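Biologist: Please take a close look at the largest pocket. What lines it, and how far can the coordinates around it be trusted?

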Amino acid sequence: MRIVMGTLELSLILLIVAAVVGVVSRHLRLPYTLALLLLGLALGATGITRPLALSSQVILLLFLPPLLFEAAFRLDLRLLWARRRGVLALALPGVLLAAVVGGALVHWAAGLPWIIALLFGAMIAATDPVAVLAIFRQLRVDKSLSVLIEGESLFNDGTALVLFVTLAGAVGGSFNAGYAVGYFCLAVLGGAAVGFAVGYVGHFLIALVEEHLGEMLVSVAVAYGAFLAGDQLHLSPVIAVLAAGMTLSHFGRTRGWVFSDGSERLLDDLWEFLAFTANAALFLMIGLTVRTTGLTQHPFYVAWGIAAALVGRVVVAYGLGTLLGPLGFALTWAERHVLFWGGLRGAVALVAALSLPPDFPYRAQLLAMTYGVVLFTVIVEGLTIGPLARRLGLRRGP
């Protein structure tokens, strides 16, 4: 009983600390995700707290649905539709390109087998919506550029996770390109269909409810229901949650009869609160668990993992970014700089690394490399993306 109470007490204390840090960081104009990560690193280094078990199941089930649903529910769908070609180009071929380039680098430089190297490339190819949205909502850059980067971060993680699952299944077995392509298309398109269906049913249920608590409860059920449905059907649960959030948002905001008076604002506030809480807990837990990931045992692999993440992002931002002009979304060099340096990694990469079984080949190196990439991008890029955007004339205000 004492062990349970100790864990409960620790969780409550960390929640209180996270709330205080979140408020203080806003006054210091520091991204609260970064502040919480630094706090977790400090607490973990001192040994005051025991390492927390940060499993892939915990991240997937508790953290990803509210974070993804909130971002999709509050996204400007009209502006996203206007930038759809650029978003899809970055989220589909962009992820594949980054995975191949990053995988090739760690294969040639670090000596990892091709299939393991490409697997790592897939893990760190996608920018993370948790980290990216938290940063860019405070930058106040041009809305068009912000929607492009936010939209990319929302959709490319679904692409990366499907690619990761396909490559992980090929480790130790035969790789069938035709099957891989078919599974990829089925997982993405099937996940979108499931999410649309759940969101569509959810908007009808909300229309039948005439009190705010019921509407909020239905919206939570839509988010987690879409995730669980996609997962149980072996489709992409990430894409399912995004589709459900955008569907509920579209019908709710375009058909006034769906939401009762004032409930639209309440739903926005509810999901902003849930996302803030999930963000705070996730980044604090990441900091607390870093000392158990073997970073110091594999510095060679960590260094090349960070290099692979940066080089892959360079190819996407400056190579693929150049091709966005013919698609109707020309980017200036300043905007490409922000596109490159704003490619933060976070929860999605950790989910992939932590989901590998204990006996998976090179698991220790992959876990250390992934944590190294997350720490570098969130801390180094997260601290400097604001000043960079302001120096390039893309950020308004201090």
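Modeller: Confidence comes before geometry. pLDDT is the predictor's confidence in each residue, from 0 to 100. This is a predicted model, and the mean pLDDT of the protein chain is 80. A value of 70 or more is reached by 83% of the residues. The low end is helix 1 (residues 2-27), with a mean of 65. The high end is helix 14 (residues 299-319), with a mean of 93. Over residues 1-6, pLDDT stays under 50. The model has one contact beyond four places in sequence for that stretch. Where pLDDT is low, the predicted coordinates should not be read in detail.

Next, the frame. The protein chain has 398 residues, of which 55% are buried. It contains 17 helices and zero strands. Take the contacts with a separation of 6 or more: 82% of them join residues 24 or more positions apart. One case of sequence distance against space is Phe 276 and Glu 70. These two are 206 residues apart in sequence, yet 9.7 Å apart in space, C-alpha to C-alpha. Phe 276 sits in helix 13 (residues 263-289). Its relative accessible area is 22%, so Phe 276 is partly exposed.

Now the pocket. Its space comes to about 760 Å³. The lining takes in 27 residues. Closest to the centre are Leu 77, Leu 80, Trp 81, Phe 155 and Met 246. Five helices each give two or more residues to the lining: helix 4 (77-82), helix 5 (84-91), helix 9 (143-170), helix 10 (177-208) and helix 12 (237-254). Match those ranges to the central residues. Leu 77, Leu 80 and Trp 81 fall in helix 4. Phe 155 falls in helix 9, and Met 246 in helix 12.

Which element gives the largest share of the lining? Helix 12 does, with 10 residues. As for chemistry, the lining divides into 18 nonpolar residues, five polar and four charged.

Two of the lining helices also share an aromatic cluster. Its members are Phe 196, Tyr 200, Phe 204 and Phe 251. Phe 196 falls within helix 10, and Phe 251 within helix 12. The structure holds 10 aromatic pairs. Among them is Tyr 200 with Phe 204, an edge-to-face pair. The ring centres are 5.1 Å apart, with 80° between the planes. Both residues lie in helix 10, four residues apart, about one turn of the helix. Are these two rings buried, or open to some degree? Tyr 200 has a relative accessibility of 30%, so it counts as partly exposed. Phe 204 is at 39% and also counts as partly exposed.

Compare a pair built another way. Tyr 318 and Phe 340 have ring centres 5.9 Å apart and planes at 50°, so this pair is tilted. It links distant parts of the chain: Tyr 318 belongs to helix 14 and Phe 340 to helix 15 (residues 333-341), 22 residues apart. Tyr 318 has a relative accessible area of 22%, so it is partly exposed. Phe 340 is at 14%; buried means under 20%, so Phe 340 is buried.

Back to helix 12 and the loop that leads into it. His 234 is found in the loop between helix 11 (212-232) and helix 12. Most residues other than glycine have a negative phi. His 234 has a positive phi of about 60°, although it is not a glycine. With a relative accessible area of 62%, His 234 is exposed. Tyr 362 also has a positive phi of about 60° and is not a glycine. That residue lies in the loop between helix 16 (347-354) and helix 17 (363-391). At 31% relative accessible area, Tyr 362 is partly exposed.

Helix 16 itself is mostly covered, with eight of its eight residues buried. Among them are Val 348, Leu 350, Val 351 and Leu 354.

To return to your request: the pocket draws its largest share of lining from helix 12, and 18 of its lining residues are nonpolar.

Note on methods
Residues numbered from 1 in each chain as written. Predicted model: local features only at pLDDT ≥ 70, side-chain atom pairs only at ≥ 80, totals over all residues. Heavy atoms only, no water. 1 Å grid on protein atoms, 1.4 Å probe; cavity = no way out; pocket = protein on both sides within 12 Å on 5 of 7 lines; lining within 4 Å. Points joined across faces, edges and corners; volume = space filled by probe spheres on them. Nonpolar A, V, L, I, M, F, W, Y, C, P; charged D, E, K, R; others polar. Contact = heavy atoms within 4.5 Å. Phe/Tyr/Trp six-rings, centres within 6.5 Å; stacked < 30°, edge-to-face > 60°. Buried < 20%, exposed > 50% of the residue type's maximum accessible area, 1.4 Å probe, protein only.
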